[in-house]
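Trainee: Please take me through this structure one point at a time.

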Amino acid sequence: MRGIVKWRMTFDIEQQSPMVHCENPPTNLPKLHRQVYRTIFDETSMKKAFAFALPLVFALTAHAESAHWGYEGQDAPEHWGELSPEFALCTKGVNQTPVNIKGALKAGLTPLKLNFAQGGQQIVNNGHTVQINVVPGNTLTLDGDASFELQQFHFHTPSENQINGHSFPLETHFVYKNKDGELAVLALMLKEGSGNSQLERAWSVLPQQQSEPAALAKPIDIRALLPKKLDYYRFSGSLTTPPCSEGVRWLVLRETVAASKEQIEQFAGAVHHHNNRPLQPLHGRVIAQ
């Protein structure tokens, strides 16, 4: 009875090319022929094999790149690190956000330098939050000459970060990026109070379900949304959503602004659940003010 010749097929995803190896070429062939046998395979048979294998390879790759995460059930924050290898920092990271800001050291932080650009904005409900996309030109200067550009801002209810153990009904994250791809997040806490005229510009067309980006007829005046005083806390942290990447510069404004109870409830109704990640340990990190 003839022995079965075993072929091993792999696929280089980066190079988009197949690799085929014969694991046990027939021993009754001359040495040179056995070497050739390792590299030659029946084209028709292998085409059939690849027709079956490649969709599986790409399906697995797509799954890894788009692992679903959320805030409830098996997709909740306590499980993020298990959903994909790319989310490992959500479990294993030691510089994670959000945190409870307390015992901040007085360090004489440099005042924030913010520049604001006029232009169109888009609103989108991405299923995790409501996000406002902005035009280029909104910048933040840190540490003298480090320039970051605003990419978007979005909301969490209740707040993710806390200040001295106090949680707020709403928190806004302004996400900035520099030319090297490094991130800085400016966080604004909102307390319940009078109606917020800037929020109303977006809330009047607030998408109640996951949606495509839609233009805001009247863009939010970001400077008017922020408090007059821009004193802040600073610490090193992470993204608060998968993949929970670390090395993010966090700037949490000390002063709050108001939003009405109705506006807070409107946002909660649009995302259909709380969308705040639980507090993470400081692991010895210093918070400055």
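Trainee: How many residues of each class, nonpolar, polar and charged, are in the lining of the largest pocket?

Mentor: This is a predicted model, with local features needing pLDDT of at least 70 and side-chain atom pairs 80 or more, while totals for linings use all residues. Numbering runs from 1 along each chain, and side-chain values use heavy atoms. The largest pocket (an open set of points on a 1 Å grid that fit a 1.4 Å probe, with protein on both sides within 12 Å along at least five of seven lines) is lined by residues having an atom within 4 Å of a point. With Asp, Glu, Lys and Arg as charged, Gly among the polar, the lining has nine nonpolar, eleven polar and no charged residues.

Trainee: Which strand gives the most to the lining of the largest pocket?

Mentor: Strands are DSSP E runs of at least two residues, numbered from the N terminus. β8 (146-156), β10 (170-177) and β14 (246-253) each supply at least two lining residues. With three residues, the most comes from β8.

Trainee: Which residues lie nearest the centre of the largest pocket?

Mentor: The lining of the largest pocket has 20 residues. Those nearest its centre are Gln 152, His 154, His 156, Thr 240 and Thr 241.

Trainee: What is omega for the peptide bond from Pro 242 to Pro 243?

Mentor: Pro 243 lies in the loop between β13 (232-238) and β14. The bond from Pro 242 is cis, with omega near 15°.

Trainee: Is Asn 164 buried or exposed?

Mentor: Asn 164 sits in the loop between β9 (162-163) and β10, and its phi is positive, near 55°. Buried means under 20% relative accessible area, exposed over 50%, partly exposed in between (1.4 Å probe). Because its relative accessibility is 56%, Asn 164 is exposed.

Key
Helix = DSSP H or I, 4+ residues; strand = E, 2+ residues; numbered from the N terminus.
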